[in-house]
Amino acid sequence: MCELIEPGPDRHDECLQVLRDGFGTQVDEFGITPENDPDYPCFWPSDRIAVLVARPTVLLAVEQEGRIVGCCFVGPSRRDADAWTLRHLAVAPASRHRGCGERLVTEAAARASAAGARLLRIGIIGENVRLSDWYHRLGFVTVDAGQHYGSLPFSVDHLELALDRTPSR
């Protein structure tokens, strides 16, 4: 069972480790390095979480047996008043496939909907078919695929979840 929490600053290091471990599994597969993507979560400095939560962004986490095993950031879009953005969702590799990521998505969608948003958006590595399929099973649709940004060694797909429905398998 994944228990949802809003971790305070005293638990940011735990979240950072989950982000590093979770996103670290994609480094070799997609050719990600600090040189071509210095902002990739597995390369974040220790203060990066504090910077993100200082914005109008909420850090959500799930824990099992008192240990944080997943986290994400969610908050209003800077460009679209009708949308919220889900960012940097990560689950520790050993805790995957147990509903923790889905719990984070469900809570992010609920918060966005409660704030009046119509859409929840996320950008993912376009070549990560497994991840794309998972988001699609939760009700997301791809609205823009194969975008290339700067020196990123992968493309980015943009997905949206209409908030008139809840994520479902």
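This section describes the nonpolar cores, aromatic pairs, salt bridges and cysteines of a predicted model.

The largest nonpolar core contains 27 residues, and the members that touch the most others are Leu86, Leu89, Leu120, Tyr135 and Phe140. At least two residues of this core come from each of strand E2 (58-64), strand E3 (67-76), strand E4 (83-91), helix H4 (100-114), strand E5 (119-125) and strand E7 (156-162). Helix H4 makes the greatest contribution to this core, supplying 6 residues. For Leu86, when neighbours within four places in sequence are set aside, the contacts are Cys72, Phe73, Val105, Ala108, Leu120, Arg121, Ile122 and Tyr135. Two of these contacts, Leu120 and Tyr135, also appear among the core members that touch the most others. A second core, separate from the one above, has 23 residues, among them Phe23, Ile32, Tyr40 and Phe154.

Aromatic pairs were searched for over the whole structure, and 6 were found. One of the pairs is formed by Tyr40 and Phe43, with a centre-to-centre distance of 6.3 Å and an angle of 50° between the planes, and is classed as tilted. Tyr40 is buried at 5% relative accessible area, whereas Phe43 is partly exposed at 26% relative accessibility. For Tyr135 and Phe140 the ring centres are 5.1 Å apart and the planes stand at 80°; the pair is therefore edge-to-face. Tyr135 and Phe140 are both buried, and both belong to the largest nonpolar core. Ring pairs also join Phe23, Tyr40, Phe43 and Phe154 into a cluster. Of the residues in this cluster, Phe23, Tyr40 and Phe154 are included in the second core. A contact of another kind involves Trp44: Arg48 lies over the face of its ring, at 5.3 Å from the ring centre.

The search for salt bridges, again over the whole structure, returned 9. In the bridge between Arg111 and Glu6, the closest N and O atoms are separated by 2.6 Å. Arg111 belongs to helix H4, while Glu6 sits in the loop between strand E1 (3-5) and helix H1 (12-24), so this bridge ties together parts of the chain that are 105 residues apart in sequence. Arg111 is partly exposed, at 25% relative accessibility. Glu6 and Arg111 are also members of a salt-bridge network, in which shared partners connect them with Arg103 and Glu107.

A further salt bridge is formed by Glu29 and Arg130, whose closest N and O atoms are 3.9 Å apart. Because Glu29 is located in helix H2 (residues 27-30) and Arg130 in helix H5 (residues 129-137), the pair ties together parts that are 101 residues apart in sequence. Glu29 is partly exposed, with a relative accessible area of 49%, and Arg130 is exposed, with a value of 58%. Arg118 and Asp82 likewise form a salt bridge, with 3.4 Å between the closest N and O atoms. Arg118 is in the loop between H4 and E5, and Asp82 is in the loop between E3 and E4, so the bridge ties together parts that are 36 residues apart in sequence. Both residues count as partly exposed: Arg118 at 48% relative accessibility and Asp82 at 33% relative accessibility.

The structure holds 1 disulfide, which joins Cys2 to Cys100 with an S to S distance of 1.9 Å. The torsion about the S-S bond is about -60°, so the disulfide is left-handed. Cys2 lies in the segment before E1 and Cys100 in helix H4, and the pair links these distant parts of the chain across 98 residues. Cys2 is buried, with a relative accessible area of 8%, as is Cys100, with a relative accessible area of 1%. Helix H4 thus carries both the disulfide partner Cys100 and the salt-bridge residue Arg111.

Two other cysteines were examined for possible bonds. The sulfur of Cys15 has its closest cysteine sulfur in Cys71, but the distance of 4.5 Å is too far for a bond. Cys15 is buried, at 0% relative accessibility. For Cys42 the closest cysteine sulfur is also that of Cys71, at 13 Å, which is likewise too far for a bond. Cys42 is buried, with a relative accessible area of 15%.

Note on methods: Residues are numbered from 1 along each chain as its sequence is written. This is a predicted model: local features need pLDDT of at least 70, side-chain atom pairs count only at pLDDT 80 or more; totals for chains, interfaces and linings use all residues. Side-chain values use heavy atoms; hydrogens and water are left out. A nonpolar core is a set of buried Ala, Val, Leu, Ile, Met, Phe, Trp, Tyr and Cys residues joined through side-chain atoms within 4.5 Å. Buried means under 20% relative accessible area, exposed over 50%, partly exposed in between (1.4 Å probe, protein chains only). Helices (H or I, at least four residues) and strands (E, at least two) are DSSP runs, numbered from the N terminus. Contact means heavy atoms within 4.5 Å. Rings of Phe, Tyr and Trp (its six-membered ring) pair if their centres lie within 6.5 Å; planes under 30 degrees apart count as stacked, over 60 as edge-to-face and the rest as tilted. A charge sits over a ring if NZ of Lys or CZ of Arg is within 6 Å of the ring centre and within 35 degrees of the ring normal. A salt bridge is a side-chain nitrogen of Lys or Arg within 4 Å of a carboxyl oxygen of Asp or Glu. A disulfide is a pair of cysteine sulfur atoms within 2.5 Å.
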